[in-house]
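Let's take a walk through a protein structure together. Have the sequence and the 3D view ready, and follow along one stop at a time.

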Amino acid sequence: GEGVLLSPGKTLSSYGIRPGNSTDVVLFPVFADPAKQPTVFAEDVREAGFGTTVFQYVKVHGEPRDVAEARHVFGRPLLPWLQEKGKQGQTQTTTVRKEGKFEGARHKMVTVQLKTDGHEVLASCTNMAGDSTCSITLPRDAFVAELQASLCNKMMWASLVLWEGSKQVCGTNQLSNYSVLVGEIFEHSHISGCYHFHQSDVHPAGYSSSGSSLICTLVLEPGKAALLHRFKGDYKRAEELRQLVMHDAQWCVESNELHKEVRICGLATADSFFCHERMGYDGIRLTDCKCYVEVTIPLEQLEQGQTEEFHSASTPGSGWSCGSETYKSAYFLPASLLSVLRTCPSGGASRPFFLQERLNPQCLSDYPYSAFQRLRVRRKSDAMDQPTVDAIRFFRERLCGRLENITINEALKLQEEHMEAARLKPDAEVCGISHTAEETQEAG
């Protein structure tokens, strides 16, 4: 029905309200006195069918209803498995607003002037104040990656991202193609990479089943970040969803009075609902809600989160009851490994790169951001297995502290080392190849 503003001195019957339909009437108090006026959401007033006159008797929230609901739904830590690893008193925070912009990117910047002289390129760096900081000489045919590595070694920088205008410069580009570049210095590149967590369970519920799943992904790369939090519950008579996705965010490391923390800011899309098969949707349903989100994570949580975890178990059903399944996996992919996972193998590659086949079989150039798009079409093959987790652990340990991207040849060499180490272990299963104890003895 439509909302009607009741005026003093008129009978209810004059508005069509009679004993036969009065049970369907809901009354809301409004006041001419501003001190007594209730605060409402404009969306509620419009959905109730009230005209614009009612706004003279109520106060309106300064933000949309969906943004306030998103703040309520996503007020808990968005990366709970990292929160569990942190110290007491160090907690993640989530701030949701209607709009905003990223402020506080306190990365140091330098301007790199490039001058070609014969067979050499002279690179001169100046800081934002215009003071000269260093200069180096490279061969004329050097690549951008060589400039980055040389400057980082000389200035003891963790990593350096170079920009030409608003476009990030690829390390494989020829250095002689540029005359001026802007460098962005990152001092905490050891936390750059992809943090992933997936937990799910299914158990009997009468003659049916009930289960839930939680998928969290955090990607930190020089100059950009992304975050995913998705909880899905499929119950016997209801279902629910809580999902927040940030595709194109910014991040920086800041220090407060107690510890350092990573701050991630950007536009997010939020979805949330709880639906019972008989009662329908409960509360406010969020669908493609756009809001500005700021997340802080203690730096120590990310450092401790660079580890692997895997568990998978199931029990068969019996009679009229279904079986049960539990699954949990967590891993960290160093930023130096992401580039080779995105690169299509050349025709001359002697053998496939196992982790690419397992994690990014389509060789998508925007992996792992592309995985955010497949949320509603989860496949059984998306789940991890022990050999893949073991391979990820091996690469993480070998690439610890490395800043520059590895090449496909380096990746294949490490893969061979990993498989060779597995052959020396009885009952090993690595990279999809199972080696029994008897086969190991024969190989020896």
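Our starting point is Pro38, which you'll find in the segment before strand E1 (39-40). Keep in mind as you look around that this is a predicted model. Is Pro38 buried, exposed or something in between? Its relative accessibility is 26%, so Pro38 counts as partly exposed; to be called buried, a residue has to be under 20%. Now look at who sits around Pro38. Setting aside neighbours within four places in sequence, Pro38 is in contact with Pro29, Val30 and Phe31, and also with Tyr57, Val58 and Lys59. Val60 is worth finding too: Pro38 and Val60 are 22 residues apart in sequence, and their C-alpha atoms are 8.4 Å apart in space.

Next, move along to strand E9 (residues 180-186). Why can we say that E9 is largely enclosed by the rest of the structure? It's because 5 of its 7 residues are buried. Check its strand partners as well. Strand E4 (residues 108-117) runs antiparallel to E9, and 6 bridges join the two. To see where they meet, find Thr111, which stands opposite Val182 in E9. Strand E7 (residues 159-164) also pairs with E9 in the antiparallel sense, over 5 bridges. There, Val161 has Glu184 of E9 as its bridge partner.

Now for the nonpolar cores. The largest one has 40 residues, and the members that touch the most other members are Leu218, Leu220, Ile264 and Leu302. Which strand gives the most to this core? That's strand E16 (residues 286-298), with 6 residues. Zoom in on Leu218 for a moment. Leaving out neighbours within four places in sequence, Leu218 is in contact with Leu79, Gly193, Cys194, Tyr195, Ala226, Leu227, Ile264, Ile297 and Leu302. Apart from this core lies another one, made of 31 residues, including Leu341, Tyr369, Phe372 and Leu412.

One last stop: empty space. How many cavities of 30 Å³ or more does the structure hold? The count is 1. The largest cavity has about 40 Å³ of space in it. Its lining is made up of Trp81, Lys85, His196, Gly305, Thr307, Glu309, Ala330 and Tyr331. Sort that lining by class and you get 3 nonpolar, 3 polar and 2 charged residues.

Definitions and conventions: Residues numbered from 1 in each chain as written. Predicted model: local features only at pLDDT ≥ 70, side-chain atom pairs only at ≥ 80, totals over all residues. Heavy atoms only, no water. Core = buried A, V, L, I, M, F, W, Y, C linked by side-chain atoms within 4.5 Å. Buried < 20%, exposed > 50% of the residue type's maximum accessible area, 1.4 Å probe, protein only. Helix = DSSP H or I, 4+ residues; strand = E, 2+ residues; numbered from the N terminus. Contact = heavy atoms within 4.5 Å. 1 Å grid on protein atoms, 1.4 Å probe; cavity = no way out; pocket = protein on both sides within 12 Å on 5 of 7 lines; lining within 4 Å. Points joined across faces, edges and corners; volume = space filled by probe spheres on them. Nonpolar A, V, L, I, M, F, W, Y, C, P; charged D, E, K, R; others polar. Pairing = 2+ DSSP bridges.
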